[in-house]
Amino acid sequence: SQAPEITTTEDAQSILDPLLRNTYRAFDHRSESDIYDVLERSIGGELLRELYLETIKALTLEGREGTRTQVTDFEARVDSVAAIPDGDGFTAECEWTVLGKISHWGHPHTRVNRYTAEVTVTPSDGEWKIDAIDVRDARRL
């Protein structure tokens, strides 16, 4: 069955926001299987393996440095959307902001990062999944 065509930024945002938000939820978990399961709900293809390995590496480093990251706020905005030529899904130019609390040796800090990226979303087994993220800009605010 063919996925619905996504043509408006509102439609793209309603799909993309929960997918991106869920990706950050992987940091709430410590067991590798839980991390993988959370990521798999939102991410497909080769990107799933890459993000899984990056997340494990980040969490391993955190554990070694006595650091703990907790995402407290997340906001995404889709600026434009385009259908994938000759295929299902869409690409979206978007920006998202992540507010996190970092505890380091019992010392809490707030950190805000903003990303601008082109994100490719395709249907997989009846669900939307992020297949690719091309980050154009990443800034700590």
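This report describes the nonpolar core, one helix and two strand residues of a predicted model.

## Basis of the model

Local features are given where pLDDT is at least 70 and side-chain atom pairs where it is 80 or more, whereas totals for chains, interfaces and linings use all residues. Residues are numbered from 1 along each chain as its sequence is written, and side-chain values use heavy atoms, with hydrogens and water left out.

## The nonpolar core

The largest nonpolar core (buried Ala, Val, Leu, Ile, Met, Phe, Trp, Tyr and Cys residues joined through side-chain atoms within 4.5 Å) has 35 residues, and those with the most contacts inside it are L16, F90, W96, V119, V121, W128 and I130. At least two residues of this core come from each of α1 (9–25), α2, α3 (45–65), β1 (67–83), β2, β3 and β4 (127–140), where helices (H or I, at least four residues) and strands (E, at least two) are DSSP runs numbered from the N terminus.

Beyond its neighbours within four places in sequence, L16 is in contact (heavy atoms within 4.5 Å) with V78, A92, C94, V119, V121 and I130.

## Helix α2

In helix α2 (residues 32–40), I35, V38 and L39 are buried, that is, under 20% relative accessible area with a 1.4 Å probe and protein chains only. They lie on the same side of α2 because they cover an arc of only 95° around the axis, taken from the directions from the helix axis to the C-beta atoms.

## Two strand residues

E95, in strand β2 (residues 90–104), is buried, with a relative accessible area of 18%. Apart from its neighbours within four places in sequence, E95 contacts E75, A76, R77, R114, Y115 and T116.

P108, in strand β3 (residues 107–124), is exposed (over 50%), with a relative accessible area of 58%.
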